[in-house]
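Here's a quick tour of one chain, taken piece by piece. Keep the viewer open while you read.

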Amino acid sequence: MGKGERTLSATKMDQSRIRAEKENVEYVETLGVHWRNLSVHFKDVQALAPCSGDVEAGQAVALMGPTGCGKTSLLNALARRGPVGGGQVWYGDDLAWSSALKRHVAFVEQDDLVFEGLTVRETLAFSARLRLPAASLKEKLERVDETLKLLRLESCAETPVGGMGGKTISGGERKRLMVGQEMLTRPRLLCCDEPTSGLDSATACVVVEALRDLARERRVAVVASIHQPSSRLFLLFDELLLLRKGGLTYRGSTADAGDAFAGAPFHLPCPAAYSAPDWLMEIVVENKVDSDDEKKRVLDERYGPSTLPPRTEPLRSLRAQKRRQRYAAPLTEQIAVLSRRSWKAVAPKVFKRSSLLLHGGNATLAGLMWWQLGYKEKDVFPRYTLAFAIPIAWIFFPLLDALPWFGAAQNMLRKDLACNAYRLEAWFVVDSTMNLVPMCAQSLMHLTIFYVLAGVSSNPAVWFALYAVLVASFLTFQSIGLMFSAGVSGENVVTVAMIYVTYVFLFTGLFVPVSQTAVPWAVYANPLIYILKLSADAIFGIDRKKFKCGNPDDGTLFPDSCDAGGDGKISVNDIYEEYHLDRFTTGQAIVALFVMFVVARSVAYLLLRRRMKQKERELMRYQDATPTAEEESKEDVAVAGEKA
Ligand SMILES: Nc1ncnc2c1ncn2[C@@H]1O[C@H](COP(=O)(O)OP(=O)(O)OP(=O)(O)O)[C@@H](O)[C@H]1O
């Protein structure tokens, strides 16, 4: 690190100290983590056998071991994202876990969850805006620049993170971006779950170099689980914690690890053809280090849970006068940032070629079928069916479009909610509304083509009314789709949606009179009948044109007007009567649709909330259910006393 950079980070530390003092929060410059006899259980499953260790500030520590030995469980316990079954854990010199520590501890998950459509800089900027408390926008953007530099992401800052076709960032850059998102909050302890999984060894080295630099330059305590590292990558770490199912197998410098079992009673020197990490993994996986009682005894003497002294002095909680607000950004800022983020994903869909072709093609085909309707008796029935044909696409597509909504968003949502980036309500309103924008544009194009080709009316009010019907239609059916998406899991969601679509098309009263069905109320619960009514109101009611009777010898559906004695004109009232369009009023149809929209959207939100809250509650249980400092100190002294 150059002199200039050192001065820069010294200034940053001073700023952090001043900010902490202003907020009357205890300033934490570094934060190692220490654990003694720590174990993790899930009911009867022991996920992590008792083990002890330390990760000091400024150290990069690798966590290795066979699959299922408890690496993730250990990381989760240290970052309080999972249960701590037993033993002691403390932070820094003497801090017990408390919710005030949360902001100093970051966790990088195994999955690379990025919001497709954003660039690297935008991803960091949106995270900064949502996750940095009370800093000005300028400060937040400075933090983004600093993070880009720190993780050597400057050269790809303007490259999309994925999803838009064309150039996107590499796997290694993605991993560094994940670390960068966590580094924005300047944590003192960083836990990474398999940050190199899926990367080739050269790219993995770049990621680990970034972690090591972070540890050295920023005095962050870094602990990362790692699979099959190359020798070069392995030696980038200062220390190794090697786990096996029964506990810790090695704890010490990575440089000495290869020969740790060369002597008696193990006699397992690293063969010349092997790299140290490969050799260590092999002897652990094949149980070569604990194959007899003598080896077990020596292992326990060297690395067993009681080889590091427990803490006997009381612990204390981090002093934080103000109770921190749960969300760093106010609701308005959350909505503004989420809207911009969502818009980035939605904007390319508005004029997506395939969608324009689909809806333009459908409208043209339909327009050719209902070609240039007039106002004669023969046009009455086509105009009636037109009331059905115009909104039909805006029932199907919004419903089907909404089905994958929750499945696609849930992982990202879980990650963002876990770090309190925004409220679920804010995301729900913004995301579901933004997804309507492409529909608004495409339905407008669809209606206009269809309208002109079919010669619906020269009265622009008819066009406006029909567009309003389409908006009502996709609002209602999108809400119903969201409800299915949030409430029904897996493949069943498509099955349920298809059954619902069948119901919507059958229970209209068009095929069998309502009174003759076994469940007449089911017709009235069908949103389609209200959409049909409103669509017919626009076509006949707003236009209010009379239709010229045809030749009476051909037969007529409107004998009162067209047989002898009639005036030769079919009125709107005759049409309403013939097609039972006066079953309910326009006002009743609007109210019914509005109620259905509100109910479906509210149920969708409640179902989503129920699903997300289960996970969130679990996390909060680990993060917030903490004994007071006094209780914890008593407990720790008692544990230490028992051991002594
Ligand atoms: N929530 C849970 N409920 C029940 N058992 C669990 C749970 N989480 C983990 N386990 C079990 O605990 C053991 C340790 O799991 P953990 O994920 O910590 O291992 P790991 O070393 O990280 O594995 P991998 O390298 O495959 O990711 C495994 O046997 C796992 O099945």
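Domain bounds here come from an automatic or database domain assignment. On that basis the protein chain splits into domain 1 (3-105 + 187-322) and domain 2 (357-619). The C-alpha centres of domain 1 and domain 2 lie 58 Å apart.

A word on ground rules: this is a predicted model, where local features need pLDDT of at least 70 and side-chain atom pairs count only at pLDDT 80 or more, while totals for chains, interfaces and linings use all residues. Residues are numbered from 1 along each chain as its sequence is written, and side-chain values use heavy atoms, with hydrogens and water left out.

**The sheets**

Helices (H or I, at least four residues) and strands (E, at least two) are DSSP runs, numbered from the N terminus. Two strands pair if DSSP finds at least two bridges between them. In general, strands of a sheet pair through backbone hydrogen bonds, either parallel or antiparallel.

Two open sheets are worth a look, and here they are side by side:

| Strand order | Strands | Pairing |
|---|---|---|
| β5-β6-β7-β3-β8-β9 | 6 strands | mixed |
| β2-β1-β4 | 3 strands | antiparallel |

Take the sheet of 6 strands, with order β5-β6-β7-β3-β8-β9. Its edges are β5 (105-108) and β9 (247-253); each has a single partner strand, so one side of each is left without a neighbour in the sheet. Neighbouring strands of this sheet are turned by 15° against each other on average, direction ignored. Angles are taken between N-to-C directions and run from 0 to 180 degrees, with axes being lines fitted to C-alpha atoms (for helices, over the stretch in contact).

Inside that sheet, β6 (residues 189-192) and β7 (residues 221-225) pair in the parallel sense over 4 bridges, and C192 stands opposite A224 in β7. Helix α5 (residues 171-183) lies across β5 and β6, running at about 160° to β5; contact means heavy atoms within 4.5 Å.

Now the sheet of 3 strands, ordered β2-β1-β4. Here β2 (45-55) and β4 (86-91) are at the edges with a single partner strand each, so one side of each has no neighbour in the sheet. Its neighbouring strands are turned by 25° against each other on average, direction ignored. Strand β1 (residues 33-42) runs antiparallel to β4, joined by 5 bridges, and S39 stands opposite G86 in β4. Helix α2 (residues 71-78) packs on this sheet, touching β1, β2 and β4, and its direction makes about 120° with that of β1.

**Backbone oddities**

Most residues other than glycine have a negative phi, and most peptide bonds are trans. Two spots are worth checking against that. A cis peptide bond joins A264 and P265, with omega at about -5°; P265 sits in the loop between α8 (254-257) and α9 (276-285). E194 has a positive phi of about 50° although it is not a glycine, and E194 lies in the loop between β6 and α6 (201-218).

**A helix pair**

The axes of α17 (residues 460-487) and α20 (residues 527-542) come within 9 Å and cross at roughly 175°. That makes α17 roughly antiparallel to α20 (angles over 145 degrees count as such, under 35 as roughly parallel, 65 to 115 as roughly perpendicular and the rest as oblique). On the α17 side the contact includes V469 and F477, and on the α20 side I531 and L534 are among the residues met.
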